[in-house]
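Here's a quick briefing to read alongside the model. Keep the structure open and click along as you go.

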Amino acid sequence: MTTRPEAGELDPLSTYPHEYAVDGAVHLNGNSLGAPRHSLVGELDRLVSEQWARRQVQGWFQDGWLDLPRTVGDKLAVLLGAAPGQVLVAGETTSTTLFNVIVAACRLRADRPVLLIEAESFPTDLYIAESVARLLDRRLVVASRADFDTHLREHGTRVAAAVASPVDFRTGERRDIGATTALCHDVGAVSVWDLSHAAGVLPVELDANEVDLAIGCGYKYLGGGPGAPAFTYVPARHQPTVDFPLSGWHGHARPFAMTPTFEPADGIDRARTGTPPVLSLVGLSHALDPLVEVGIEALYQRSRELGELFLDHLGETRPDLLKQLASPRDPHHRGGHLALRIANADKVEHDLAAHGIHVDSRPPDLIRFAFAPLYVTADQVRRAVDSLCHVVQTMH
Ligand SMILES: *Cc1c(COP(=O)(O)O)cnc(C)c1O
């Protein structure tokens with residue numbers, strides 16, 4: 001049994017939920033779209049009235065707009081276990097960023113014929129990988145989660161790049177970044193990680209794990225807002241050789257020299273593409289502040305506690321539903337979300353929304369529950385379980 005903290009008991013995270021605008025609802029879909037902070041409106045107002053309106057185009061230099069892809073990247077790097085100068089937010093979508101990085105990974109291994117990806121990957125990752133394989137005339141191997149490491153072990157010397165995620169977007173099941181990356185290095189393949197469902201909720205320790213290239217989404221646990229830009233990680237050791245296909249002028253060594261031929265910038269700046277979306281970058285930067293303040297270990301711990309509370313309470317209320325868990329029961333093998341198999345999942349999602357509980361269903365029968373650590377509370381988790389049991393009871 002998990003008990004309510006005693007009144008007066010010090011909980012360092014207890015003030016954070018008040019900072020977020022959730023309109024009285026329970027948002028268990030933070031792995032899909034994080035909730036906004038109340039203070040975002042003031043932050044954007046300052047950008048518009050004090051910078052843009054006053055200084056117009058000079059804002060690029062005087063207000064640091066031009067540096068935002070790197071300064072926001074450095075702020076985010078802390079959550080990813082990366083030293084400064086290795087994370088960049090160019091302003092692209094997750095999909096275009098992934099395209100840029102998979103092509104660059106294959107270019108690092110020009111003589112290898114295979115691009116490997118996990119079958120359970122998010123659809124856009126599968127689509128982009130297929131397109132890159134076609135473009136670069138490589139063979140795409142789509143290996144099931146269970147066969148991925150085996151393929152690397154047995155045929156890895158033919159693999160140029162191996163694309164995987166530390167958290168399965170459906171079930172929340174974890175893949176060990178360190179072990180798979182080490183396996184890639186044993187066979188000389190480039191490891192590419194999609195951190196979309198991990199960033200902001202799970203420690204990924206990119207430097208310590210010697211990851212080669214990584215990308216991730218800005219609007220899930222990071223909370224950058226709908227369509228927030230994605231990020232790219234390139235460790236210092238790859239920066240001199242990495243060759244991105246999206247060679248836009250902001251990635252040039254001297255963008256304002258306006259020369260006709262491309263010469264990549266030194267360092268992480270070569271991951272830039274074109275003029276960055278300043279409003280979106282400021283929104284993402286603002287969303288990162290409380291996450292950085294709390295730190296990734298404490299965020300992970302809180303998310304895990306909330307997930308365990310959900311399962312414990314479900315087990316006490318409807319043990320039969322707990323048996324429908326599609327995720328590992330051991331919290332160490334899950335990221336920030338979990339999934340239950342429930343018939344008519346889309347109807348359950350809809351009915352829960354009418355109770356003010358926001359979750360998301362994935363066809364055919366999965367409902368995902370995400371435990372964003374800073375705005376989901378223990379009381380909300382109990383309320384969500386009670387509503388779920390009520391909705392399922394009245395439906396079946
Ligand atoms: C959410 C998500 C995406 C989304 O891509 P967009 O271009 O932002 O729509 C891509 N990959 C993974 C693994 C995701 O979880």
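What follows covers the ligand site, two sheets and a couple of backbone details.

Keep in mind that this is a predicted model. The ligand has 86% of its 390 Å² of accessible area covered by the protein. Elsewhere, there's an open sheet of 7 strands with mixed pairing, plus an open antiparallel sheet of 3 strands.

**Around the ligand**

- Which residues sit around the ligand? The list runs Thr93, Thr94, Ser95, Phe122, Thr124, Asp125, Asp194, Ser196, His197, Tyr219 and Lys220.
- By type, that shell splits into 6 polar, 3 charged and 2 nonpolar residues.
- Thr94 reaches a ligand oxygen with its side chain, an N or O atom there being 2.7 Å away.
- Tyr219 also goes for a ligand oxygen, with a polar side-chain atom at 2.6 Å.
- Asp194 deals with a nitrogen instead: an N or O atom of its side chain is 3.1 Å from a nitrogen atom of the ligand.
- How much of the ligand's own accessible area does the protein cover? The figure is 86% of 390 Å².
- Helix H4 (94–107) and helix H5 (123–136) are the elements that give two or more residues to this shell.

**The 7-stranded sheet**

- Reading across, the strand order is S2-S8-S7-S6-S5-S3-S4, and the sheet is open with mixed pairing.
- Why do S2 and S4 each have one side without a neighbour in the sheet? Strand S2 (87–88) and strand S4 (139–143) are at the edges and have a single partner strand each, so one side of each is left without a neighbour there.
- Strands pair through backbone hydrogen bonds, in either the parallel or the antiparallel sense.
- Strand S5 (residues 159–164) and strand S6 (residues 190–194) are a parallel pair, joined over 4 bridges.
- If you want a spot to zoom in on, Val163 has Val192 in S6 as its bridge partner.
- H4 packs on this sheet and touches strand S3 (114–118), S5, S6, strand S7 (213–216) and strand S8 (231–233). The direction of H4 makes about 170° with that of S7.
- H5 packs on the sheet as well, touching S3, S4 and S6. Its direction makes about 175° with that of S3.

**The 3-stranded sheet**

- Here the order is S9-S12-S11, open and antiparallel.
- Strand S9 (337–341) and strand S11 (360–362) take the edges with a single partner strand each, so each has one side left without a neighbour in the sheet.
- From one strand to the next, the twist averages 30°.
- S11 and strand S12 (residues 366–370) run antiparallel and are joined by 3 bridges.
- Across that pair, Ser361 stands opposite Ile367 in S12.
- Helix H9 (residues 296–317) lies across S9 and S12, at about 25° to S9.

**Backbone details in loops**

- Is the peptide bond from Pro363 to Pro364 cis or trans? This bond is cis, with omega near 0°.
- As for where to find Pro364, look in the loop between S11 and S12.
- Gln56 has a positive phi, near 45°, despite being a residue other than glycine.
- You'll find Gln56 in the loop between helix H1 (40–55) and helix H2 (59–62).

Technical notes. Residues numbered from 1 in each chain as written. Predicted model: local features only at pLDDT ≥ 70, side-chain atom pairs only at ≥ 80, totals over all residues. Heavy atoms only, no water. Near = heavy atom within 4 Å. Polar contact = N/O pair within 3.5 Å; in protein donor to acceptor, adjacent residues only side chain to side chain. Areas by Shrake-Rupley, 256 points an atom, 1.4 Å probe, with all protein chains shown as cover. Nonpolar A, V, L, I, M, F, W, Y, C, P; charged D, E, K, R; others polar. Pairing = 2+ DSSP bridges. Contact = heavy atoms within 4.5 Å. Axes fitted to C-alpha atoms, helices over the stretch in contact; angles between N-to-C directions.
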